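Colleague: I am new to this structure and would like a close look at one part of it. Please take me through that part and the contacts around it.

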Amino acid sequence: MRKIAIENWNRKEHYEFFKQFSNPFFGIVTEVDCTKAFDFANENHISFFSSYMHKSMRAVNQVEEFKYRIVNDEVVVFDVIHAGTTIGREDGTFGLAFAHFSEDFATFNKNMQAEVEAVKNSKGLRLNNEDVKYDLVRHSTLPWSTFTGLLHPTRNYSSESVPKITFGKAFKKRRQTFFTSFN
């Protein structure tokens, strides 16, 4: 982790403006074509969940701005961002999981599967020191629903800076082509 010298930072004015807001977050909802990833996971008998989590974390770790956090009223950038996620249980509750990121999918998948099992074999949220970490992205998955908007519960901390990514239900979309004819 390294500190950003905000005095000379090209985002200084933006940071100072938005840090005054009680909810300074931007949210985007979009459909993502995951056909190739879904087919690859099925053909290779690997977890689609781990596969898309890994792809998400690879993307996050390739964009420096996704590594910025506010820690003790200072802007810092982390070298590596890890995956925090919710895991659903059979009883309708969920728990929190934390998986260290690795570029190597097999390593990441092993970590993720161990966390999934740990959550499924526990009760409660599994709050621990990992829930106050800054070097992660918080993920949720709502596999039973597609959606066009979402609000996350967020503490009203002016220094909350951990991004949140939520995945919805994977679905097949029939492609249609329309033609217009004029006589």
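Which side-chain oxygen reaches to within 3.3 Å of the backbone nitrogen of Phe-49 at the start of α3?

Modeller: This is a predicted model, in which local features need pLDDT of at least 70 and side-chain atom pairs count only at pLDDT 80 or more, while totals for chains, interfaces and linings use all residues. Residues are numbered from 1 along each chain as its sequence is written, and side-chain values use heavy atoms, with hydrogens and water left out.

The oxygen belongs to the side chain of Ser-47. The contact is polar, a term for a pair of N or O atoms within 3.5 Å; within protein, one must be able to donate a hydrogen and the other to accept it, and residues adjacent in sequence count only if both atoms are side-chain atoms.

Helix α3 itself covers residues 48-62, 15 residues in total. Helices (H or I, at least four residues) and strands (E, at least two) are DSSP runs, numbered from the N terminus. From first C-alpha to last, α3 reaches 21 Å, close to the 21 Å expected at 1.5 Å a residue; the expected span is 1.5 Å times one less than the number of residues.

The helix is largely enclosed by the rest of the structure, because eleven of its 15 residues are buried. Buried means under 20% relative accessible area, exposed over 50%, and partly exposed in between (1.4 Å probe, protein chains only). Among the buried residues are Phe-48, Phe-49, Tyr-52, Met-53, Met-57 and Val-60. Polar side chains are also on the list, including Ser-50, His-54 and Asn-61. The buried residues pack against two helices, α2 (35-43) and α4 (105-120), and against the strands β4 (82-88), β6 (136-141) and β7 (164-167). Contact here means heavy atoms within 4.5 Å.

Arg-58 of α3 is partly exposed, with a relative accessible area of 34%. Its partner in a salt bridge is Glu-103, with the closest N and O atoms 3.3 Å apart. A salt bridge is a side-chain nitrogen of Lys or Arg within 4 Å of a carboxyl oxygen of Asp or Glu. Glu-103 lies in the loop between β5 (94-99) and α4, so the pair ties together parts that are 45 residues apart in sequence.

The structure holds six salt bridges. One of them joins Glu-65 and Arg-11 at 3.2 Å, N to O. Glu-65 sits in the loop between α3 and β2 (68-71), and Arg-11 in the loop between β1 (2-3) and α1 (12-18), 54 residues apart. Both are partly exposed: Glu-65 has a relative accessible area of 38% and Arg-11 one of 33%.
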